[in-house]
Amino acid sequence: MDFRLTKEHEAWVDEVRAFLDEEFDADAREAVRRGGGEWGGDVIRAFRGRLVEKGWLSLTWPEEHGGQGRSMVEQVLLMDELAYVGAPSIDMTSASVAPAIIRSARPEQRDRWLPPIRDGSVEFAIGYSEPDSGSDLASLRTSAVLDGDEWVIDGEKIWNTGAEYCTHEWLACRTEPDAPRHQAMSVLIVPIDAPGITVQGITTWRGMRTNQVWFDGVRVPAENLIGERGHGWRYVTQALAFERVAIGITGGLRRLVDDLTAYCRATEVDGEVLADRPEVERALAGLEVDLELARLLNHRAAWMIDAGRVPNAEASMTKVFTTELHARASTVALDVLGPHGQLDPYDDRSPLAGLAQLMYRAAPYLRFGGGTNEIQRDIVAQRGHGLPR
C-alpha cells in the first residue's frame, strides 16, 4: 500500500506553487487577510480572474464541457496550496454546483450554465438551510409552484453565504407537496436580482458575512429547474458530498502547524525555548499525527470521486475530522502563544499574523457549514455501516 503522491502529482504541486509565487503577492495576501477571505474585494476578484485564465475553476470538468479533465486529487492539491498561502480557494460554484450540473442536469442546461461558471461570470449562493430546517434538510418549507411556464417561489433561506455578491441562487425547494419528503424537493436556479428577493447580512463571530434571504413571489422560467422534478434530494446530496471534500481541505491547518512550530523553535519564554518544553513537543507531535490523518481522509474521498463514486460516508468523515481538528489545533496554538495569541490580527504584535485566533473563531462555523457534524456522524453510521436510522 503506497499513500505517497505520484511524480505527476508532485509536478502539479510545483506548478501551482510557482503560480502562487508569481500571482499572489504580499498585497494580495494582506487584502485577503483583512477581507476575511471573501471573494468580494477588487484584489481578490482580480486573483480569481487569474484562476479563470488558467482554467483552474473548471480543472476537473470533462474536456467536452470545457474543462481540463484533471483529477479530483489534483483539485484537492490545488486547494491545499491555495489555503496554505491564504489565497481564496475554489469556491462552491466550481467545487460543488458545477459537478452536480455535469452529473444531473439536462444537456441543454449544461450548455446554458457551465460556460458562464467556467469564465467566472456566474457565481452561486447555496440555498439549502432554512431557519426551521437546517440539519433536517428534507423538512424545508420554501416552495415553488408551477404557474404556466414559470415557477413561483416563496420562502426563506439562512446561512446563505455570498448572496450579497453572487449572481444566482442554487435553490433547494419543495415542488411536490403531496410526495414523501425525500421525493418532494427540486433544485431551481434563481437570479439573485429577480424581483421579490431580499438579502440581509448576518455577521459571524469570525467577522465574515453570511446572509438571510427571503423569496416573495419570485418568478423564474420553468427551464430553470435542474434535471427532473422531485429528484432534488439526490442532486443536493451529491453536491454536498463534493462540498464536504472541499471543506476537508488541510492546507490552512498545515500552515498553522508549520508557523506554530517555527514560532516555538524561535521563541524563548522565561529563558527557555518553547520547542524544548516537553508539553509543547507533545502538543506539536499530536497535531502532526492528526494533520496527516486529515490529509489522508481527504485524499481518499477525492480518489473515490476520480473512481466514479460519490463519497457519502467518506466525505462526511473528512468533513468531521478536519473541521474538529481546526478547533483542536487553534486551541493548542492559543495555549502555546499565551495572551498575545488573542490580539487582533491587525495588531503588529499578534503572533502568526493572527492566524490562530482567526482559525479559532472560524471553527464553530466550520462544524455546521456543509451540514452539522452531528448529521455527518449519522451519515457515517447509516450509509457507511448500514446502521438503522
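The following exchange goes through salt bridges, side-chain contacts and backbone angles in a predicted model.

Colleague: How many salt bridges does a search of the whole structure find?
Modeller: Side chains of opposite charge can pair when their charged atoms come close. One case is the network of salt bridges that links E23, R50 and E53. Over the whole structure, the number of salt bridges found is 20.

Colleague: D91 and R48 form a salt bridge; how many residues apart are they?
Modeller: The side chains of D91 and R48 meet with an N to O distance of 3.0 Å. D91 is in the loop between α4 and α5, while R48 is in helix α3, so the pair links distant parts of the chain. Their separation in sequence is 43 residues.

Colleague: Are D91 and R48 buried or exposed?
Modeller: Buried means a relative accessible area under 20%, and exposed means over 50%. By that cut-off D91 and R48 fall in one class, which is buried.

Colleague: Which residue forms a salt bridge with R219?
Modeller: R219 lies in strand β7, and its partner lies in strand β2, 72 residues apart from R219. The closest N and O atoms of the pair are 2.8 Å apart. The partner is D147.

Colleague: Why does R219 count as partly exposed?
Modeller: Partly exposed covers the range between under 20% and over 50% relative accessible area. The value for R219 falls in that range, so R219 is classed as partly exposed. Its partner D147 is also partly exposed, with 41%. For R219 the relative accessibility is 40%.

Colleague: Besides D147, which side chain makes a polar contact with that of R219?
Modeller: Leaving out residues up to four places away in sequence, R219 touches D147, E150, W151 and V152. The polar contact with the side chain of D147 is 2.8 Å. At 2.9 Å, the other side-chain partner is E150.

Colleague: Which residue in β7 stands opposite T198?
Modeller: Strand β6 covers residues 197–203 and runs antiparallel to β7, with seven bridges joining them. In their hairpin, five residues lie between the strands, and G207 has a positive phi near 100°. Opposite T198 stands W214.

Colleague: R254 and E288 form a salt bridge; which helices does the pair tie together?
Modeller: The closest N and O atoms of R254 and E288 are 3.1 Å apart. R254 is partly exposed at 25%, and E288 is partly exposed at 32%. Since the two residues sit in separate helices, 34 residues apart in sequence, the pair ties together α8 and α9.

Colleague: What is the relative accessibility of N373?
Modeller: N373 is found in helix α12. Outside its neighbours within four places in sequence, N373 is in contact with K319, V320, T323, E324 and R367. Its side chain makes polar contacts with those of K319, at 2.7 Å, and E324, at 3.2 Å. N373 counts as buried because its relative accessibility is 1%.

Colleague: What is the phi of D270?
Modeller: Most residues other than glycine have a negative phi. D270 has a positive value and sits in the loop between β8 and β9, where D270 is exposed at 75% relative accessibility. Its phi is near 55°.

Colleague: Where is A353, which has a positive phi although it is not a glycine?
Modeller: The phi of A353 is about 55°. A353 is partly exposed, with a relative accessible area of 43%. Its place is in the loop between α10 and α11.

Terms used
Residues are numbered from 1 along each chain as its sequence is written. This is a predicted model: local features need pLDDT of at least 70, side-chain atom pairs count only at pLDDT 80 or more; totals for chains, interfaces and linings use all residues. Side-chain values use heavy atoms; hydrogens and water are left out. Helices (H or I, at least four residues) and strands (E, at least two) are DSSP runs, numbered from the N terminus. Buried means under 20% relative accessible area, exposed over 50%, partly exposed in between (1.4 Å probe, protein chains only). A polar contact is a pair of N or O atoms within 3.5 Å; within protein, one must be able to donate a hydrogen and the other to accept it, and residues adjacent in sequence count only if both atoms are side-chain atoms. Contact means heavy atoms within 4.5 Å. Two strands pair if DSSP finds at least two bridges between them. A salt bridge is a side-chain nitrogen of Lys or Arg within 4 Å of a carboxyl oxygen of Asp or Glu.
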